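Biologist: I would like a close look at a single part of this model, followed outward into its surroundings. Please take your time over the answer and keep it connected.

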Amino acid sequence: MNGLWYVLLYVLVQTTLFARAQGPGDISAAIADAVTEVGARRPGGPALASGAGPAGGGAGFGGAVGGLGGAGGGLGGVAAPGSGSVADNPISIHALFSRRREAPGAVAAFGSAGDISTTATANFATRTGGATPDAAEFSRQIAPYCPVRRPVCNPNDRYRTADGSCNNLNNPLWGASITNQARFLSPTYGDQFNTGSVPRIRSVLGPLLPSPRDISNAVLNGGVSPPRSRIYSVSLTHFGQFVDHDFISTPILKDGDQDIFCCNGDVPVVRPECFSFRTPPGDFQTTCMHFVRSDFGVSPGCPPESRNQINQRTSFLDLSVTYGNTLDGQNDLRELNTGRLQEGVNRLLPTGPPGSECLAGEECFKSGDNRPAEVPMLTVVHIAFLREHNNIVERLRALGWTDGEELYQEAKKILTGIYQHIIYTEYLPLVLGEEGMNFFGLRSNRFGFNTLYNPSANPSTRNAFGAAAYRFGHSLVGSFVESFNQDFTPRAREPMENHFFSTRLIRDFTTFGPDAIARWMTTQFKSRADRFLTPAIRNRLFQTMSGNGFDLGSLNIQRGRDHGIPSYNRWRQFCGLQPALHFGTGHLGLTNHHVSAARALATVYSHPDDIDLFPGGLSETPVAGALVGPTFRCIIGLQFMLFKIGDRFFYENEFVPTGFTAAQLEQIKRQSLSGLYCRTLDVKSMPANPFVSPLTGAPRIPCQNFPRLDLRPWSRINNSGYPRRSGRRNISLKKKNSY
Ligand code: HEM
């Protein structure tokens with residue numbers, strides 16, 4: 001007995017001494033070990049960094065070096081043609097979606113630094129029995145491995161930077177590309193110190209959480225043909241997808257420049273990058289579903305932290321999906337000196353390098369984002385915005401604009417203004433409903449300015465929004481790609497699963513092509529907003545032969561766990577909603593769920609606190625007049641509020657020289673997506689609301705009846721008051737709390 005007491009006493013004294021002994025020495029040892037570990041994990045070595053750079057240039061990292069396993073393209077470079085594997089199998093096609101893009105070297109360096117920082121944080125905790133290192137000392141010691149990015153901002157710059165830096169003059173990296181996704185709630189990971197080396201894997205009761213596929217089968221399976229909306233058209237789904245690709249792109253981990261394979265037949269591959277999961281026998285060819293974890297970066301200054309995943313895109317609604325999110329990326333898409341964007345044959349997107357962003361053996365497209373060919377309907381939206389840019393350039397040229405750079409920037413500014421106007425006046429009201437729009441202050445003014453810019457609002461895309469809430473759009477996806485004739489009679493139909501990352505239908509003007517697909521998209525009802533995903537994406541995503549595809553619903557659930565997204569109940573609390581204490585739908589239960597949805601959740605989860613955010617939020621009954629339930633409405637509403645009030649260049653801001661003049665804004669506010677489609681696609685008429693199907697009885701309006709885009713307020717020929725140059729009062733910015 002005495003001996004036991006001695007042992008206990010010894011352990012106590014040792015732990016206390018050990019915990020007290022932490023200091024600079026522990027920090028340097030933790031960092032040194034992390035550098036060795038990460039060096040082995042990420043060949044090419046860690047990034048060493050120093051220096052400042054001009055705003056918006058390249059990828060904006062001063063002096064980051066290291067090569068990082070031939071990630072292709074180098075710092076600020078555009079992805080090397082065909083880097084990675086050939087897209088002839090589901091894993092490589094998925095890797096197209098999540099690849100490092102315009103500045104692969106910078107993304108790799110950023111990831112490497114993130115790995116050193118989080119590993120050192122965990123090492124320190126292990127050495128000291130769970131302590132967090134002193135932040136200032138940690139930052140000081142890790143500095144040689146911390147990428148330095150200090151954009152030099154000019155408050156008088158009229159236009160956005162390519163990479164979104166300097167939008168916020170006090171915090172120039174807020175919302176910039178290749179920064180961390182921000183968080184509304186701190187993460188819940190599965191490792192002892194919550195740093196993210198292990199994803200969220202355990203039930204609050206102890207055992208492992210259910211397999212994502214079991215959850216998908218129970219909650220997201222709507223049968224062969226999930227029901228359709230009776231109001232909204234396919235156009236809404238893919239405009240929403242276009243917007244998503246504008247504000248987020250999360251790269252996954254790679255092995256050098258090679259894709260990682262996480263299943264060996266039925267057997268999961270064990271390596272830190274992998275997080276594959278079990279599927280029931282018979283669902284797919286194997287019982288192991290491949291899953292690679294997302295890459296993660298560092299916060300400015302490299303404080304001790306847990307994993308935060310990277311966003312390669314700018315967070316702003318700035319059409320970086322069309323224009324690119326680095327200077328090199330933008331230049332790669334432009335014509336030399338004309339202000340125009342390159343077009344391909346038949347005014348399609350320009351052709352990208354072979355094997356870059358489409359199926360093996362096809363001629364790929366190139367755009368500001370790596371996913372323009374993910375599905376043909378999305379390509380149509382890309383094409384419309386590309387063409388409209390060039391239309392605007394020609395109109396400005398006719399109004400006396402001559403300089404190629406100015407033509408490019410001004411056309412980009414105008415188109416971005418129209419795009420934001422469409423999002424806040426046509427798209428979001430349908431997603432969030434009247435009440436949601438009002439609650440989050442998202443309505444645009446009918447006329448005139450509405451300056452709500454708040455420099456304390458960080459617009460960065462939030463992790464839970466990208467990894468779960470905004471993926472509500474997956475329930476809107478249908479099963480087919482179709483085309484209609486000029487008179488809106490059906491012409492052709494193809495199963496969607498045969499055309500992921502394929503450019504074939506868009507290039508086939510006889511049967512499909514962008515115009516005929518657009519006529520169908522703006523007519524046919526989309527899939528209903530509910531908890532169901534169509535089999536094309538729930539069973540056959542990216543499949544190249546029967547049974548070898550993915551389940552997108554399962555990937556969403558697993559991605560949420562990979563990113564440490566807290567459970568559904570935590571989000572209910574965050575949103576001021578009652579968390580569920582039981583699986584019933586009555587008092588203190590799943591009060592926003594239909595009985596059948598609550599029962600489905602109860603069949604797979606052991607405790608309401610285990611419910612993952614994606615299935616929990618998606619299976620809520622949509623709020624009247626909205627497409628989402630209260631929890632997703634809260635997360636989406638907050639994020640679009642931040643996209644608006646955190647964007648100094650938001651189209652309604654009355655700022656000089658970045659904003660529009662009153663006369664210019666008036667023209668922007670007369671525009672709609674239907675008008676834009678009329679100008680850019682071969683359609684003769686469009687519904688007044690581009691997302692409401694004419695099958696509801698809503699009339700089709702002849703294209704000539706939509707307000708034309710009147711650019712006279714931009715004229716440089718007739719100097720009757722345009723353009724306004726100076727002499728405007730300074731706008732004082734209202735300071736509010738940060739969100
Ligand atoms: C046929 C149409 C679509 C396909 C094939 C598709 C496919 C995918 C895939 C494969 C992912 C990555 C899954 C992972 O985590 O591994 C993803 C992510 C995502 N999807 Fe979709 N999707 C489609 C439509 C939509 C729509 C309509 C929306 C929203 C309105 C949407 C929103 C998102 C968001 C926000 C992400 C996260 C992106 C990131 O973090 O990079 N998707 N989608």
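Which helix supplies the largest share of the shell around the ligand?

Modeller: The largest share comes from helix 7, which contributes four residues to the shell around the ligand. What follows rests on a predicted model, and I will begin at the ligand, move along helix 7 to its packing partner, and then turn to several loops.

The ligand is surrounded by 23 residues, and the closest of them are Gly-240, Gln-241, Thr-250, Gly-473 and Arg-559. Helix 7 spans residues 234-247, and it is joined by helix 3 (90-97) and helix 16 (552-562) as elements that each supply at least two residues of this shell. Sorted by class, the shell around the ligand consists of ten nonpolar, nine polar and four charged residues.

Helix 7 also packs against another helix. Two packed helices are described by the angle between their axes and the distance between the axes. For helix 7 and helix 10, the latter covering residues 376-398, the axes come within 9 Å and cross at roughly 70°, which means that helix 7 is roughly perpendicular to helix 10. The crossing in which helix 7 passes helix 10 is right-handed. On the side of helix 7 the contact is made by Val-234, His-238, Phe-239, Gln-241 and Phe-242, and on the side of helix 10 by Met-377, Leu-378, Val-381 and His-382. By class, this contact of helix 7 with helix 10 has six nonpolar and three polar residues, and no charged ones. Gln-241 thus appears twice in the picture, being among the closest residues to the ligand and also part of the contact with helix 10.

Helix 10 in turn leads to helix 22 (residues 673-680), with which it packs at an angle of about 75°, their axes lying 9 Å apart; these two helices are therefore roughly perpendicular to each other. Here Ala-384, Arg-387, Glu-388 and Asn-391 of helix 10 meet Leu-676, Tyr-677, Arg-679 and Thr-680 of helix 22. The residues of the contact between helix 10 and helix 22 divide into three nonpolar, two polar and three charged.

As for the setting of these helices, the protein has 22 helices and 14 strands, and buried residues make up 57% of its 739 residues. Among contacts between residues at least 6 apart in sequence, 73% join residues at least 24 apart. Helix 14 (residues 513-521) has eight of its nine residues buried, so it is largely enclosed by the rest of the structure. Its buried residues are Gly-513, Pro-514, Ala-516, Ile-517, Ala-518, Arg-519, Trp-520 and Met-521.

The loops deserve separate attention, and two prolines can be set side by side. Pro-133 is placed in the loop between helix 4 (104-128) and helix 5 (135-142), and because it has 26 C-beta neighbours inside 10 Å, it counts as buried. Leaving out residues up to four places away in sequence, Pro-133 touches Ile-27, Phe-124, Phe-138 and Pro-304, and its C-alpha atom lies 9.8 Å from that of Ala-30, a residue 103 places away in sequence. Pro-210, found in the loop between strand 3 (179-180) and helix 6 (212-220), counts as partly exposed, because it has 19 C-beta neighbours inside 10 Å. Beyond its neighbours within four places in sequence, Pro-210 is in contact with Ile-215, Val-604 and Tyr-605, while the C-alpha atoms of Pro-210 and Ile-611, which are 401 residues apart along the chain, are separated by 9.7 Å.

Backbone geometry is the last point. Most residues other than glycine have a negative phi, and most peptide bonds are trans. In the loop between strand 10 (480-484) and strand 11 (490-495), Phe-488 has a positive phi, near 65°, and this residue is partly exposed, with 18 other C-beta atoms within 10 Å. Leu-588 likewise has a positive phi, near 65°; Leu-588 sits in the loop between helix 17 (568-574) and helix 18 (595-604) and is exposed, with 12 other C-beta atoms within 10 Å. The peptide bond from Val-656 to Pro-657 is cis, with omega near 5°, and Pro-657 belongs to the loop between helix 20 (630-645) and helix 21 (662-668).

Conventions: Residues are numbered from 1 along each chain as its sequence is written. This is a predicted model: local features need pLDDT of at least 70, side-chain atom pairs count only at pLDDT 80 or more; totals for chains, interfaces and linings use all residues. A residue is near a molecule or strand if its C-beta atom, placed from the backbone, lies within 6 Å of it. Ala, Val, Leu, Ile, Met, Phe, Trp, Tyr, Cys and Pro count as nonpolar, Asp, Glu, Lys and Arg as charged, and the others, Gly among them, as polar. Axes are lines fitted to C-alpha atoms, for helices over the stretch in contact, and angles run from 0 to 180 degrees between N-to-C directions. Angles under 35 degrees count as roughly parallel, over 145 as roughly antiparallel, 65 to 115 as roughly perpendicular and the rest as oblique. A crossing is left-handed if the near helix is turned anticlockwise from the far one by less than a right angle, and right-handed if clockwise. Two residues are in contact if their C-beta atoms, placed from the backbone, lie within 7 Å. A residue is buried if 20 or more other C-beta atoms lie within 10 Å of its own, exposed if 12 or fewer, and partly exposed in between; C-beta atoms are placed from the backbone.
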